[in-house]
Number of protein chains: 2
Amino acid sequence: MTFDPATLRYNDAGLIPAIAQDAASGEVLMMAWMTAEAVAQTLETGQVTYWSRSRQEFWIKGATSGHTQQLVEFKVDCDRDCLLIEVTQEGPACHTNRRSCFYTAVQNGEEMEIMSPMEAANPPSE
Amino acid sequence: MTFDPATLRYNDAGLIPAIAQDAASGEVLMMAWMTAEAVAQTLETGQVTYWSRSRQEFWIKGATSGHTQQLVEFKVDCDRDCLLIEVTQEGPACHTNRRSCFYTAVQNGEEMEIMSPMEAANPPSE
């Protein structure tokens with residue numbers, strides 16, 4: 001069946017959550033939001049493209065930072081209201097320079113930082 | 001720092017998305033929603049508890065189906081508006097009897113079913 005982004009279920013703001021997972025390691029990197037147009041662009045270009053709720057604009061991941069996400073596999077869930085995007089992640093996925101945004105764990109009722117920022121291999125490109 | 005569920009960022013409906021990941025395999029199983037109270041219950045009981053938007057009630061995963069999720073690790077993202085819950089999943093996570101809800105892939109513009117329902121090891125308990 002030909003895939004049509006309009007057949008996904010978006011929230012009242014026209015957005016669908018997209019989970020980015022490292023295709024090689026299985027690590028969950030981040031969650032962000034897509035519009036139908038961002039879904040179409042991601043599939044067309046192979047460069048994962050979100051919708052920035054704060055900036056209200058398309059957000060081609062890594063366009064300014066160089067920390068791109070190359071699409072490997074695009075999955076839809078049973079309710080068609082969530083996406084799982086398997087990617088090849090260049091450098092850190094998180095704006096804090098950590099590989100993943102999920103670097104805080106709750107253990108025995110306490111918040112623990114369980115991941116450090118990555119070392120920059122090259123001078124930042126932005 | 002002591003963790004307080006009230007410090008998370010919920011949407012206008014008082015919900016936060018929670019991604020469930022198989023703690024052993026790294027497979028992303030499903031995404032569902034939690035209220036602050038569901039977060040507290042999950043941490044207190046070790047049984048992953050969501051908020052059912054359709055039924056408008058707490059949803060202790062597997063309470064009727066037996067397909068429970070035992071909490072292994074509870075993570076918060078950098079913006080505190082998304083959770084990653086690593087679990088020990090009993091049987092299928094999806095109501096279609098598949099291990100994961102993400103059983104549909106989009107490849108070359110076509111939707112493909114890439115995962116079959118699991119065989120029932122025992123007669124269903126519901």
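**View 1. Q70(A) and its surroundings in strand β5 of chain A.** In this predicted model, Q70(A) is found in strand β5 of chain A, where strands are DSSP runs of E of at least two residues and helices are runs of H or I of at least four, numbered from the N terminus. Q70(A) counts as partly exposed because its relative accessibility is 36%, given that buried means under 20% relative accessible area, exposed over 50% and partly exposed in between, with a 1.4 Å probe and protein chains only. Leaving aside neighbours within four places in sequence, Q70(A) is in contact (heavy atoms within 4.5 Å) with G46(A), Q47(A), E86(A), V87(A) and T88(A). The side chains of Q70(A) and Q47(A) are joined by a polar contact of 2.6 Å, that is, a pair of N or O atoms within 3.5 Å, of which, within protein, one must be able to donate a hydrogen and the other to accept it, while residues adjacent in sequence count only if both atoms are side-chain atoms.

**View 2. The largest nonpolar core.** Such a core is a set of buried Ala, Val, Leu, Ile, Met, Phe, Trp, Tyr and Cys residues joined through side-chain atoms within 4.5 Å. Among its 26 residues, M30(A), M34(A), V39(A), Y50(A), F74(A), L83(A) and I85(A) touch the most other members. At least two residues each come from β1 (16–22), β2 (28–34), α1 (36–45), β5 (69–76) and β6 (83–89) of chain A, and β2(A) supplies the largest share, four residues. Not counting residues up to four places away in sequence, F74(A) touches residues of chain A, including F3(A), V39(A) and L43(A), as well as T104(B), A105(B) and V106(B).

**View 3. The two copies and their axis.** A turn of 180 degrees and a shift of 0.0 Å along the axis lay chain A on chain B with an RMSD of 0.0 Å, copies being superposed by least squares on the C-alpha atoms of residues with pLDDT of at least 70 in both. The two copies are therefore related as by a two-fold rotation axis. In chain A, the C-alpha nearest this axis belongs to G26(A), 2.7 Å from it.

**Notes.** Residues are numbered from 1 along each chain as its sequence is written, and chains are lettered from A and ligands numbered from 1 in the order in which they are written. Local features need pLDDT of at least 70 and side-chain atom pairs count only at pLDDT 80 or more, whereas totals for chains, interfaces and linings use all residues, and side-chain values use heavy atoms, with hydrogens and water left out.
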